[in-house]
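Grab the model and work through these exercises with it open in your viewer. Each task comes with a solution that goes one step at a time.

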Amino acid sequence: MKRFFNAEAPIWKLLGSFGEIFLLSLMWFLGSVPVLTLGASSTALYDTIIHSIRKREDDIFTRYLHTFKNEFKLTVPCSLLWTALIGGPFFLYRTFTDSAGITPMVYVLSVALLCLQIFTLGVACWVFPLLSRFSFGFVSLNVAALKLAVVHPLRTAAIGLITAICLWLCVRFLLPVTFLPGLCMLLRSYLLEPVFEKLQANE
């Protein structure tokens, strides 16, 4: 019984981590409501997941707010760019599937547009985590993200699919927005960090 109520017991550590994921997800959501701050919020979320959740270096509020403030200026044009690049294929996909009849050709084109959208989302998923780990300018950041996405297509497809599912669940049911953004970013970190660690080792 004493072991159960011990603050170091695995169950309490797990509940504590889930509580932090919950708080971070809400902070990300509130910070992302204006499209202009979506990038800063995503960069801060990834940075906090790495340093406060996985490495236990800082408290989540201090880390999140510090990164949000430091990266805000650069992330504004990135937010606008990737919102347009992701929204464009999505608009084409919905317009095409809603207006076209169901034929084999339409089915093939619909799948192709969906794959393009997921890949574009996957490329965007490299941008803000990359910014949280390295120093870049606007052009070099987006070029580096595109290069990494092409060099690691399976990781890109995986993080794009994870993010697409997360977005669909949050939009469809709303309640998952209280925990899925943080959980999604945590899962993505396990795919991205091995690549980032190699990049740091080569510097």
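## Exercise 1: Arg 56 and its partner

Arg 56 counts as partly exposed, at 45% relative accessibility (buried is under 20% relative accessible area, exposed is over 50%, and partly exposed is in between, with a 1.4 Å probe and protein chains only). Before going on, keep in mind that this is a predicted model, where local features need pLDDT of at least 70 and side-chain atom pairs count only at pLDDT 80 or more, while totals for chains, interfaces and linings use all residues. Residues are numbered from 1 along each chain as its sequence is written, and side-chain values use heavy atoms, with hydrogens and water left out.

**Task.** Find out which residue forms a salt bridge with Arg 56, and what the pair ties together.

**Solution.**
- Step 1: place the residue. Arg 56 lies in the loop between H3 and H4 (helices are DSSP runs of H or I with at least four residues, strands are runs of E with at least two, and both are numbered from the N terminus).
- Step 2: look for the partner. That is Glu 20, and the closest N and O atoms of the salt bridge are 2.7 Å apart (a side-chain nitrogen of Lys or Arg within 4 Å of a carboxyl oxygen of Asp or Glu).
- Step 3: see what gets joined. Glu 20 sits in helix H2 and Arg 56 in the loop between helix H3 (38–54) and H4, so the pair ties together parts that are 36 residues apart in sequence.
- Step 4: check the backbone. Arg 56 is not a glycine, yet its phi is positive, about 55°.

## Exercise 2: A network of charges

**Task.** The structure holds four salt bridges. Work out which residues are linked in a network of salt bridges.

**Solution.**
- Step 1: recall the principle. Side chains of opposite charge can pair when their charged atoms come close.
- Step 2: start from Arg 63. Its salt bridge with Asp 47 has its closest N and O atoms 2.7 Å apart. Asp 47 belongs to helix H3 and Arg 63 to helix H4, so this pair ties together parts that are 16 residues apart in sequence.
- Step 3: add the other acid. Arg 63 also forms a salt bridge with Asp 58, with 2.8 Å between the closest N and O atoms.
- Step 4: put it together. Asp 47, Asp 58 and Arg 63 make up the network.
- Step 5: compare the surroundings of the two acids. Asp 47 is buried, at 3% relative accessibility, whereas Asp 58 is partly exposed, at 34%.

## Exercise 3: Reading helix H7

**Task.** Check the span of H7, then ask where its buried residues point: do they line one face of the helix or fall on opposite ones?

**Solution.**
- Step 1: find the start. Pro 153 is in helix H7, which covers residues 153–173, and Pro 153 is partly exposed with a relative accessible area of 43%.
- Step 2: test the length. With 21 residues at 1.5 Å a residue, H7 should span 30 Å, and its end C-alpha atoms are 30 Å apart, which agrees (the expected span is 1.5 Å times one less than the number of residues).
- Step 3: list the buried residues of H7. They are Thr 156, Ile 159, Gly 160, Thr 163, Cys 166 and Cys 170.
- Step 4: look down the axis. The buried residues of H7 fall within an arc of 130°, so they line one face of the helix (the arc is that of the directions from the helix axis to the C-beta atoms).
- Step 5: turn the helix around. Leu 154, Trp 168 and Arg 172 are exposed on the other side of H7.
- Step 6: step off the end. Leu 174 follows H7 with a positive phi near 70°. Leu 174 lies in the loop between H7 and helix H8 (180–202), and it is exposed, with a relative accessible area of 56%.

## Exercise 4: Zooming out

**Task.** How many helices and strands does the protein have, and how much of it counts as buried?

**Solution.**
- Step 1: count the elements. There are eight helices and zero strands.
- Step 2: sort the residues. Of the 203 residues, 40% count as buried.
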